[in-house]
Amino acid sequence: MMKIYEAKDYKEMSRKAANIISAQVIMKPDCVLGLATGSTPIGTYDQLIEWYKKGDLDFSDVVTVNLDEYKGLDRTNDQSYYYFMHEHLFNHVNIKEENTNIPNGMEPDSDKECARYEEKIRALGGVDLQLLGLGHNGHIGFNEPCEEFEKETHCVELTESTIEANKRFFASADEVPRQAYTMGIKTIMQAKKILIVVSGEDKADIVRDAFFGPVTPSVPASILQMHKDVILVADAAALSKISR
Ligand code: GLP
């Protein structure tokens, strides 16, 4: 069942999403949070940091698992998701470094790294709340449109559209990594609760296709319609093409 919260703008969307994450952390202080990168969750992380600084949130027992990481970028590269997470959240709250998990982009053996990550999530007892952003082509994590849903953590070849969308962060499109490690669709679907944040008019078409269209691997996020506990928090612009 999908619940939809409409926020008036990005700020309100971020606050609402942070509210839901806070509720999870307060109810289960040692919860496993699945985290995401991309521009959309930045405001959510900012809000969590603000509440942490006010003394309203405690991350000391929280464990995190990130969705994905570029293959071939090391931790000090400012485009790695390791760097992103530290910059936008981990360095500003009292989370323990050893409780944070991100696929290791520098492990060249894909099979080994994917198996390690999948086992890590299993050993943690699964994800309590998974935060997701939505790619313009409907990707979640780095699960790109394809013929069949990829189930577990795997190594993907990024699509041209994703490379194109992400090249603004690199000196040129040539420097964008071609591969990434990502949780699979089954890994994501096993999360007990899913929170997806979407903002902006440029996402309005994909919000309609993913959540009100047919469930198909050509729109990976459409599978979320089958999850029993999903919350979509989106601003009015992102919801402008759905009729309710
Ligand atoms: C990236 C990430 C995704 C993210 C998506 C959308 O490629 N791997 O996890 O959700 O693209 O990004 P944005 O929020 O910047 O639109």
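Helices (DSSP runs of H or I, at least four residues) and strands (runs of E, at least two) are numbered from the N terminus, and two strands pair if DSSP finds at least two bridges between them. The model is predicted: local features need pLDDT of at least 70 and side-chain atom pairs count only at pLDDT 80 or more, while totals for chains, interfaces and linings use all residues. Residues are numbered from 1 along each chain as its sequence is written, and side-chain values use heavy atoms, with hydrogens and water left out.

**Exercise 1. The open sheet**

Task: Determine the order of the seven strands in the open sheet, and identify the edge strands.

Solution.
Step 1. The strands follow one another as S1-S10-S9-S6-S2-S3-S5, and their pairing is parallel.
Step 2. Strand S1 (2–7) and strand S5 (100–101) pair on one side only, and these two are the edge strands.

**Exercise 2. Strand S2 and its neighbours**

Task: State which residues stand opposite Leu 33 in S3 and in S6.

Solution.
Step 1. On the S3 side, strand S2 (residues 32–35) is joined to strand S3 (residues 63–66) by four bridges in the parallel sense. Here Thr 64 is the residue opposite Leu 33.
Step 2. Between S2 and S6 there are two bridges, again in the parallel sense. In S6, Leu 129 stands opposite Leu 33.
Step 3. From S6 the path continues to strand S9 (residues 193–198), through a parallel pairing of four bridges. Leu 131 stands opposite Leu 195 in this pair.

**Exercise 3. The two faces of S6 and S7**

Task: Describe how the side chains of strand S6 and strand S7 are arranged on their faces.

Solution.
Step 1. In strand S6 (residues 129–132), Leu 129 and Leu 131 point one way, and Gln 130 and Leu 132 point the other way. All four are buried (under 20% relative accessible area; exposed is over 50%, and partly exposed lies in between, with a 1.4 Å probe and protein chains only).
Step 2. Strand S7 (residues 154–157) has His 154 and Val 156 on a covered face, whereas Cys 155 and Glu 157 form an uncovered one.
Step 3. S7 pairs with strand S8 (residues 179–182) over four bridges in the antiparallel sense. Within this pairing, Val 156 of the covered face stands opposite Ala 180 in S8.

**Exercise 4. Helix H4**

Task: Compare the expected span of helix H4 with the distance between its end C-alpha atoms, and locate its buried residues.

Solution.
Step 1. The expected span is 1.5 Å times one less than the number of residues. Helix H4 (residues 110–123) has 14 residues and should therefore span 20 Å; its end C-alpha atoms are 20 Å apart, which agrees.
Step 2. Ser 110, Glu 113, Cys 114, Tyr 117, Glu 118 and Ile 121 are the buried residues of H4. Because they cover an arc of only 125° around the axis, they lie on the same side of H4; the arc is that of the directions from the helix axis to the C-beta atoms.
Step 3. An α-helix has 3.6 residues a turn, so residues three or four places apart point the same way.
Step 4. Asp 111, Lys 112, Arg 122 and Ala 123 are exposed on the other side of H4.

**Exercise 5. Cavity and pockets**

Task: Describe the largest cavity and the two largest pockets by volume and lining.

Solution.
Step 1. On a 1 Å grid over the protein atoms alone, a cavity is a set of points where a 1.4 Å probe fits but cannot get out, and a pocket is an open set with protein on both sides within 12 Å along at least five of seven lines; lining residues have an atom within 4 Å of a point. Points are joined across faces, edges and corners, and a volume is the space filled by probe spheres set on them.
Step 2. One cavity of 30 Å³ or more is counted, and the largest has a volume of about 30 Å³. Its lining includes Leu 33 and Thr 64.
Step 3. The largest pocket holds about 700 Å³ of space. It is lined by 35 residues, and Thr 37, Gly 38, Ser 39, Asn 166 and Arg 168 are the closest to its centre. Helix H3 contributes the most to this lining, with five residues.
Step 4. The second largest pocket holds about 230 Å³. Among its 16 lining residues, Arg 75, Tyr 82, Ile 102, Pro 103 and Asn 104 lie nearest its centre. H3, S5 and H4 each supply at least two residues of this lining.
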